[in-house]
Amino acid sequence: MGFKDKVLEVVRKIPEGHTLSYKEVAKLAGNKSAYRAVGNILNRNRNPNIPCHRVIRSDGKIGGFNKGSREKIKFLKKEGSILI
DNA sequence: CGTATGACGTGCA
DNA sequence: GTGCACGCCATAC
């Protein structure tokens, strides 16, 4: 159990229709300054149970996605969590 | 063990 | 308002 698992758990707890920024996730994970690592972890970690598409940048931008930002945008728009 | 990387964030020009 | 550059942390190899 480390920062990685904590981040994944936090992201997994994100309810539908709600999005969190990498910084927020890092803060909830215990390291508010590790937002850099959050993106890294989500990128390397391919866990289908982790709705990583609900994690966006603080700017409101999508950021990136394993399968392609298109899918991420699609999911967010479908859930009504984003206004792009 | 040490180096390099990255789906970020903030500041400054 | 937009663009560029730097700094930050943890993970993976």
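A residue counts as near a molecule or strand if one of its heavy atoms lies within 4 Å of it. The model here is predicted, so to speak straight from the start: local features need pLDDT of at least 70, side-chain atom pairs count only at pLDDT 80 or more, and totals for chains, interfaces and linings use all residues. Residues are numbered from 1 along each chain as its sequence is written, chains are lettered from A and ligands numbered from 1 in the order written, and side-chain values use heavy atoms, with hydrogens and water left out. Around DNA strand C sit Phe-3, Lys-4, Asn-31, Ser-33, Ala-34, Arg-36, Ala-37, Asn-40, Ile-41 and Arg-44. Of the strand's atoms within 4 Å of the protein, 64% are sugar or phosphate and the rest belong to bases.

Three backbone N or O atoms make polar contacts (pairs of N or O atoms within 3.5 Å). The one from Lys-4 is 3.4 Å from a phosphate oxygen of DNA strand C, that of Ser-33 is 3.4 Å from a sugar or linking oxygen, and that of Ala-37 is 3.4 Å from a base oxygen. Two or more residues of this surface come from each of α1 (3–12) and α3, helices being DSSP runs of H or I with at least four residues, numbered from the N terminus. With 5 residues, α3 gives the most.

As for pockets (open sets of points on a 1 Å grid over the protein atoms alone, where a 1.4 Å probe fits, with protein on both sides within 12 Å along at least five of seven lines; lining residues have an atom within 4 Å of a point), the largest holds about 430 Å³, a volume being the space filled by probe spheres set on the points. Its lining has 16 residues, with Tyr-22, Gly-39, Arg-57, Gly-63 and Gly-64 nearest the centre. Here too α3 gives the most, with 5 residues. The second largest pocket comes in at about 150 Å³.

Key. A polar contact is a pair of N or O atoms within 3.5 Å; within protein, one must be able to donate a hydrogen and the other to accept it, and residues adjacent in sequence count only if both atoms are side-chain atoms.
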